[in-house]
Amino acid sequence: MIKVVVAGCNGLLGRKLIDYAPTGYNIIGVDLPESCPALAAVNYFSQDLTDKKSVFRLLQEVKPDYIINAAAYTNVDGAETDRELCWRLNVELPEHLIYCARKLNFNIGHISTDYIFDGKQGPYTETARPNPLGYYGRSKLAAENLFAASAIDYFIVRTMVLYGERNNGKHNFVTWLIDQLENDKHVKIVNDQIGNTTLVDELAIGIWKLIALKFNGVVNIAGTEIINRFEFAQTIAQVFNLDTSLIQPITTAELHQAAPRPLKSGLIVDKAINELNIELSNVSGGLNKFKYMYKGKTSPEYQ
Ligand SMILES: NC(=O)c1ccc[n+]([C@@H]2O[C@H](COP(=O)([O-])OP(=O)(O)OC[C@H]3O[C@@H](n4cnc5c(N)ncnc54)[C@H](OP(=O)(O)O)[C@@H]3O)[C@@H](O)[C@H]2O)c1
């Protein structure tokens, strides 16, 4: 039986990796909280992943075949000031996992982002030249470079704008917007940030496929359509029968966010479609699948 550790199993992606774990795998979840009642179906270990010694001991005891690293520092604006923690999680953790993989002989699946690009000439293939604008993107690129130089078996999935069920009370863009519009709140959404949007369920299914195929290397997994964030917001409102007139466009420059954003971004997903044979939705397709799940059911396509 293949043994897989999901690091960051209580996060947006981690939870879905647990939900979609194929039968016949032995799954071990690792995250910060002392207990995770929602993850009762898997063996769960509470572990601060920045504690290198105890991470090594845990992996030595568990003896996994794979670790999927879905743990990260994901606050893009926070990373500009909280640099030390961002580096510990996004660079030193993958570096330590690579060290452990060499000693203990397991493979790693790692998650990266379009923020490694500057957004001047997107959408990007897997071989495009990175040039991150902010600290989060730089930390994610530093981790990618460690894998590239590691000579271990690994895969890196680049993805962007994840959405899905609200996780541990934390909103993602789609659930936040639905919440705002349901409460008749006016929102301003940027119309100059362009890229794919990704139903986290499809990403999780894709990652399990990578493991089944023993994939090595870098692959983009995201929704198939490139759209600007304002248009995405309008499509969300349409799919969920909410009032589109509450959504006003704004430019990124007007927002004064701490971290610069890649504007003309996006990930070309041909490699995932051709080599992995997975289903990736366009914008309204993904949102309609999510709407079906949002009503408390699981879409039959995912069972
Ligand atoms: N979300 C997106 O739109 C997006 C886009 C592109 C790429 N990605 C990448 O996809 C991956 C997953 O992202 P996500 O959105 O699922 O992130 P997330 O929801 O923030 O999940 C990360 C998980 O890691 C946990 N964690 C943080 N520090 C830890 C520590 N010291 N020890 C153990 N666990 C720790 C977090 O716990 P706490 O919540 O308690 O901190 C959380 O459960 C990341 O590598 C991210 O960079 C995400």
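How do the residues of the shell around the ligand divide into nonpolar, polar and charged? In this predicted model, the division is twelve nonpolar, eight polar and two charged. The shell holds 22 residues. Closest to the ligand are Gly-8, Gly-11, Leu-12, Leu-13 and Ala-72. Two elements, α1 (12-19) and β5 (107-113), each give two or more residues to this shell. The largest share comes from α1, with three residues.

The sheet is considered next. It is open and built from seven strands. Their order is β3-β2-β1-β4-β5-β6-β11, and the pairing is parallel. The edge strands, β3 (43-46) and β11 (217-220), each pair on one side only. On average, neighbouring strands of the sheet are turned by 20° against each other, direction ignored. At the β11 edge, the partner strand is β6 (residues 154-159). β6 and β11 pair in the parallel sense over four bridges. In one of these strands, β11, Asn-220 is the bridge partner of Arg-158.

Two helices that pack on the sheet both touch β5. Helix α3 (residues 83-104) touches β4 (66-69) as well as β5. The direction of α3 makes about 165° with that of β5. Helix α4 (residues 135-148) touches β5 and β6. For α4, the angle with the direction of β5 is about 150°.

These helices also meet one another. The axes of α3 and α4 come within 9 Å and cross at roughly 10°. Because angles under 35 degrees count as roughly parallel, α3 is roughly parallel to α4. From α3, the contact takes in Arg-83, Cys-86, Trp-87, Asn-90, Val-91, Pro-94, Glu-95 and Ile-98. On the α4 side stand Tyr-135, Tyr-136, Ser-139, Lys-140, Ala-142, Ala-143, Leu-146 and Phe-147. By class, the contact of α3 with α4 has eleven nonpolar, two polar and three charged residues.

Helix α1, already met at the ligand, packs with helix α6 (residues 200-212). The angle between α1 and α6 is about 60°, and their axes are 9 Å apart. α1 and α6 are therefore oblique to each other. The crossing of α1 past α6 is right-handed. The α1 residues in this contact are Leu-12, Leu-13, Lys-16, Leu-17 and Asp-19. They meet Val-200, Asp-201, Leu-203, Ala-204 and Ile-207 of α6. Seven residues in the contact of α1 with α6 are nonpolar, none is polar and three are charged. Leu-12 and Leu-13 thus recur: they are among the residues closest to the ligand and also take part in the contact with α6.

A further helix pair is formed by α5 (residues 173-182) and α7 (residues 229-239). Their axes come within 10 Å and cross at roughly 60°. That angle makes α5 oblique to α7. The crossing of α5 and α7 is right-handed. Val-174, Leu-177, Ile-178 and Leu-181 represent α5 in the contact. Their counterparts in α7 are Ala-233, Ile-236 and Ala-237. The contact of α5 with α7 has seven nonpolar residues, with no polar and no charged ones.

Two backbone features in loops complete the description. The peptide bond from Gly-122 to Pro-123 is cis, with omega near 5°. Pro-123 lies in the loop between β5 and α4. The other feature is at Lys-214, in the loop between α6 and β11. Phi of Lys-214 is near 50°, a positive value in a residue other than glycine.

Terms used: Residues are numbered from 1 along each chain as its sequence is written. This is a predicted model: local features need pLDDT of at least 70, side-chain atom pairs count only at pLDDT 80 or more; totals for chains, interfaces and linings use all residues. A residue is near a molecule or strand if its C-beta atom, placed from the backbone, lies within 6 Å of it. Ala, Val, Leu, Ile, Met, Phe, Trp, Tyr, Cys and Pro count as nonpolar, Asp, Glu, Lys and Arg as charged, and the others, Gly among them, as polar. Axes are lines fitted to C-alpha atoms, for helices over the stretch in contact, and angles run from 0 to 180 degrees between N-to-C directions. Angles under 35 degrees count as roughly parallel, over 145 as roughly antiparallel, 65 to 115 as roughly perpendicular and the rest as oblique. A crossing is left-handed if the near helix is turned anticlockwise from the far one by less than a right angle, and right-handed if clockwise. Two residues are in contact if their C-beta atoms, placed from the backbone, lie within 7 Å. Two strands pair if DSSP finds at least two bridges between them.
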